[in-house]
Amino acid sequence: MDTDDWIAVDVTGPIGQSPIVLVCEHASAFIPEEFGGLGLTRDAASSHAAWDIGALDVAKFLSSGLGAPLVAGRVSRLVYDCNRPLESAGAIPAKSEIYDVPGNVGLSNEERQRRYDLIHQPFHAAVANILFAQEQAMARPPILVTVHSFTPVYNGVRRDLDIGYLFDSRPALAESALTAEQGAGQFKAALNEPYAPKDGVTHTLVLHGDSQGRENVMIEVRNDLIDTSKNAASVAAHLQEVLTKAVAQITETEGQAG
Ligand SMILES: [Zn+2]
């Protein structure tokens, strides 16, 4: 089986200009040929189940605006979800919300491990490498920011949240971001919504943030706010201001403490 014609991860943006490292796990709906489209319908293959609509656009605009590196996934989360550990059923879901994923039904442990090795392993090695490079270049702990989007209607229920700031055990950056958000007054924002750690969504945050003593936040934007390049650019400009304020606030607090 030839896997040389696709790669799991894309790294762009400069090192050494901003303390932030951006990560976008669900950036792509691409399914490598060897997986036979996972037996998905055309609708499912392009839906929010396959990727985070608009998230990569926002992450790219943020990367250029902040001068921050960006690590982005290049394979659909339905092949392997890089924000899930191997032991999670959601890492290779047989069903995602309303869509069946026939190509993920009844997989052997060997196939699950193979997908982990092909996708999760290089993706998270790249995140670790970029965080380390950023730490060396900036001579300070890097800050991890992951960028996601959520669907306006989930399991038939309409969500009116605009932006969520998620955290696991280090709330400082998420709380500062919410404070900045409330100051701006433009979007309906909340902490640990529309998902929370109990939903198993903080794998990347814990792996590279909490467990390494690094401040971190996961940003979830409702995808109808970022469904065109122009809209994504506008939300990214807003998030850049929020993040800049939030990072300044936690850095100031660190300085006072130390
Ligand atoms: Zn996501």
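The following exercises, each with a worked solution, concern a predicted model of one chain.

Residues are numbered from 1 along each chain as its sequence is written. Local features require pLDDT of at least 70 and side-chain atom pairs pLDDT 80 or more, while totals for chains, interfaces and linings use all residues, and side-chain values rest on heavy atoms, without hydrogens and water.

**Exercise 1. The chain as a whole**

Determine how the radius of gyration of the chain agrees with that of a compact globule.

Solution. Step 1: the radius of gyration is taken over C-alpha atoms, and the globule rule is 2.2 Å times the number of residues to the power 0.38. Step 2: for 258 residues the rule gives a value near 18 Å, and the chain has 18 Å, which agrees. Step 3: along the principal axes, the C-alpha atoms fill a box of roughly 55 × 40 × 30 Å. Step 4: buried residues make up 51% of the 258 residues, where buried means under 20% relative accessible area, exposed over 50%, and partly exposed in between (1.4 Å probe, protein chains only). Step 5: among contacts (heavy atoms within 4.5 Å) with a separation of 6 or more, 82% join residues 24 or more positions apart.

**Exercise 2. The zinc site**

Identify which residues coordinate the zinc ion and where the two histidines lie.

Solution. Step 1: donors are N, O and S atoms within 2.8 Å of the metal (3.2 Å for Na, K and Ca); water is not among the atoms, so sites may look incomplete. Step 2: the coordinating residues are His 26 (ND1), Asp 52 (OD) and His 148 (ND1), at 2.0 to 2.1 Å. Step 3: the spacing of these donor residues in sequence is H-x25-D-x95-H. Step 4: His 26 belongs to the loop between strand S2 (20-24) and helix H1 (42-46), and His 148 to strand S6 (residues 143-150), so the pair ties together parts that are 122 residues apart in sequence. Step 5: His 26 is buried at 4% relative accessible area, and His 148 is buried at 1%.

**Exercise 3. The sheet**

Establish the strand order of the sheet and which strands stand at its edges.

Solution. Step 1: helices (H or I, at least four residues) and strands (E, at least two) are DSSP runs, numbered from the N terminus; two strands pair if DSSP finds at least two bridges between them. Step 2: seven strands form an open sheet of mixed pairing, in the order S1-S3-S2-S6-S11-S9-S10. Step 3: S1 (9-12) and S10 (189-191) are the edge strands, each with a single partner, so one side of each has no neighbour in the sheet. Step 4: the twist averages 20 degrees from one strand to the next, with axes fitted as lines to C-alpha atoms (for helices over the stretch in contact) and angles from 0 to 180 degrees between N-to-C directions. Step 5: S6 and S11 (residues 216-222) run parallel and are joined by seven bridges; Val 145 stands opposite Val 217 in S11. Step 6: helix H2 (residues 55-66) packs on the sheet, touching S2, S3 (70-73) and S6, and its direction makes about 165 degrees with that of S2.

**Exercise 4. Backbone details in loops**

Locate Leu 38 and Ala 139, and state whether each is buried or exposed.

Solution. Step 1: Leu 38, in the loop between S2 and H1, has a positive phi near 60 degrees and is buried at 1% relative accessible area. Step 2: Ala 139, in the loop between helix H3 (109-138) and S6, has a positive phi near 50 degrees and is exposed at 69%.
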